[in-house]
Amino acid sequence: MIRVVKTKEKSSRQMMLIRLGAFVLALCAGGLFVLALGYNPLEIYGTILSGAFRSEMAIQSTIKFMIPLLIAALGVTLSFKMKFWNIGGEGQIIMGAVFASYFALYHANWPFPVLFVAMLLGGIVGGGLWALIPAFFKTRFGTNETLFTLMLNYIALYLVSWLQEGPWRDPNANGFPKIPSFAPDTTLPKVLGVQMGWIIALILTAVLFVYLKYTKHGYEIAVVGQSKATAIYAGMRVDRIVMRTMFLSGAVAGICGMVQVTGSDKTLTTGVAGGVGFTAIIIAWLAQLNPLGSLVIAFLFAVLEKGASVVQSEFGLAIDCADVLQGVILFFVLGCEFFIRYRFVIDGAAPKKGGKTDAAH
């Protein structure tokens, strides 16, 4: 009775109206949830906005939330543009953090410019090599990259647990399994009140925008993503492109890990990724795999994240309620993408034998 069919390509104005309508519906649905809890929806939404911008410290905190979301989304964008379903952003972030932490812990006496380059390269190599593993098995044996990258997340996580309880355990932690805090001279300095990771994020955004849009490698990624058969017919070495792009995807995620441990956490913990790798997938898709779009969407996510934390503290809402509110909004915003590409068709009643078919669209 009901079928899903692909629609004709919509204009930019039509897509904007659909997305705007989805956002309005999301606010209404979230408002009903807030109302059911006994609060004024307008007051809650107002607090979310004001909470993200009400002071200089609040703005700095919002930017701090945005940094890892943006960098991780840029990493995911590279692989997804090629239709390599990299769900391993979490693990790649963690491995970048592990490699960077080695230099912060054991080479703290190096001059900071040298140490910074070493930690940055460590993040790039750690995340890049971790992403090369599923890329190699995909190109060599045709394995499922979604499951492979997902499982590698847990291996990376338990590696950090092993380091906490083993080689890197803090001897001064009174038996508590933790890694020592980094020396002040090894952490990223602040620029305008926020750790300089935001500068790294902006540079990466510009570089990847140019890389994907104006370079030969970017063109090859797009062609492989559209049709591997076409890429092969054009003489492209698809396996090499997949390996190269996945290394870059993991390298960007590794930079995210490096920024997190040296700029925000100032030590290595099992929570270094904190779900950022999964949220980055949503941001990249909402941005239509456009680095500049990811910048905007990541900022909006950061506003929602910071504002929700303020609502939680001011109104006494449980953290689960704030997560539900965010989930409702994301559900509608993501759901609207379906109606941009598809529509429902209701078929008429089945015709009698010998009769004519009458389909209502």
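A residue is called partly exposed when its relative accessible area lies between the buried range, under 20%, and the exposed range, over 50%. By that reckoning K178, with a relative accessible area of 27%, is partly exposed, and a salt bridge of this residue is one stop on the tour below. Please keep in mind throughout that the model is predicted.

**The whole chain**

Begin with the protein chain in a cartoon view, where there are 13 helices and four strands to find. Taken along the principal axes, the C-alpha atoms fill a box of roughly 85 × 60 × 40 Å. Of the 361 residues, 45% count as buried, and the accessible surface of the chain comes to about 18,700 Å², with 66% of that area belonging to carbon and sulfur atoms. Among contacts with a separation of 6 or more, 75% are accounted for by residues 24 or more positions apart.

**Salt bridges**

Side chains of opposite charge can pair when their charged atoms come close. A search of the whole structure finds four salt bridges, and three stops follow.

Select K178 and D170 together, and look for the closest N and O atoms, which are 3.5 Å apart in this salt bridge. K178 is partly exposed, whereas D170 is buried, because its relative accessible area of 14% falls under the 20% limit.

Next select E145 and K138, whose side chains meet in a salt bridge at 3.1 Å, N to O. E145 is buried, with a relative accessible area of 7%, while K138 counts as partly exposed at 24% relative accessibility.

Then move to E220 and R244, a salt bridge in which the closest N and O atoms are 2.8 Å apart. E220 lies in helix α8 (residues 216-226) and R244 in helix α10 (residues 238-265), so the pair ties together parts that are 24 residues apart in sequence. Here E220 counts as buried at 10% relative accessibility, and R244, with a relative accessible area of 21%, is partly exposed.

**Helix α11**

Select residues 276-286 to see helix α11, in which the buried residues are V276, G277, A280, I281, I283, A284 and L286. Just after this helix, stop at Q288, which takes a positive phi of about 60 degrees.

**I44 and the cavity**

Now select I44, which lies in helix α2 (residues 41-53). Is I44 buried or exposed? At 1% relative accessibility, I44 counts as buried. Leaving aside residues up to four places away in sequence, show the residues that I44 touches, which are V34, Y39, V311, F315, L317 and L325. For a sense of distance, draw a line from the C-alpha atom of I44 to that of I155, 111 residues apart along the chain, and the separation is 40 Å.

I44 also belongs to the lining of the largest cavity, along with F33, V34, L37, I48, A308, V311, L317, C321, A322 and L325. The elements that give two or more residues to this lining are α1 (12-36), α2, α12 (291-315) and α13, and the largest share, three residues, comes from α13. The volume of this cavity is about 60 Å³, and a search of the whole structure finds one cavity of 30 Å³ or more.

**The largest pocket**

Turn next to the largest pocket, in which about 740 Å³ of space lies. Of the 22 residues that line this pocket, select F23, I297, L300, I329 and V333, since these are the closest to its centre. Two or more lining residues come from each of α1, α2, α12 and α13. Which element supplies the largest share of the lining of the largest pocket? That element is α12, with seven residues.

**The nonpolar patch**

Finish with a surface view, and select M1, I2, V4, F338, F339, Y342, F344 and I346, which make a nonpolar surface patch of about 820 Å². At least two residues of the patch are supplied by each of β1 (2-6), α13 (319-341) and β4 (342-346), with the largest share, three residues, coming from β4. As a last selection, take F339, which lies in helix α13 and counts as partly exposed at 43% relative accessibility.

Methods. Residues are numbered from 1 along each chain as its sequence is written. This is a predicted model: local features need pLDDT of at least 70, side-chain atom pairs count only at pLDDT 80 or more; totals for chains, interfaces and linings use all residues. Side-chain values use heavy atoms; hydrogens and water are left out. Buried means under 20% relative accessible area, exposed over 50%, partly exposed in between (1.4 Å probe, protein chains only). Contact means heavy atoms within 4.5 Å. Patches are made of residues with over 30% relative accessible area and no salt bridge: like charges are joined within 9 Å, nonpolar side chains (Val, Leu, Ile, Met, Phe, Trp, Tyr) within 5 Å. Accessible areas come from the Shrake-Rupley method with a 1.4 Å probe; for residues, only the protein chains shown count as cover. On a 1 Å grid over the protein atoms alone, a cavity is a set of points where a 1.4 Å probe fits but cannot get out, and a pocket is an open set with protein on both sides within 12 Å along at least five of seven lines; lining residues have an atom within 4 Å of a point. Grid points are joined across faces, edges and corners, and a volume is the space filled by probe spheres set on the points.
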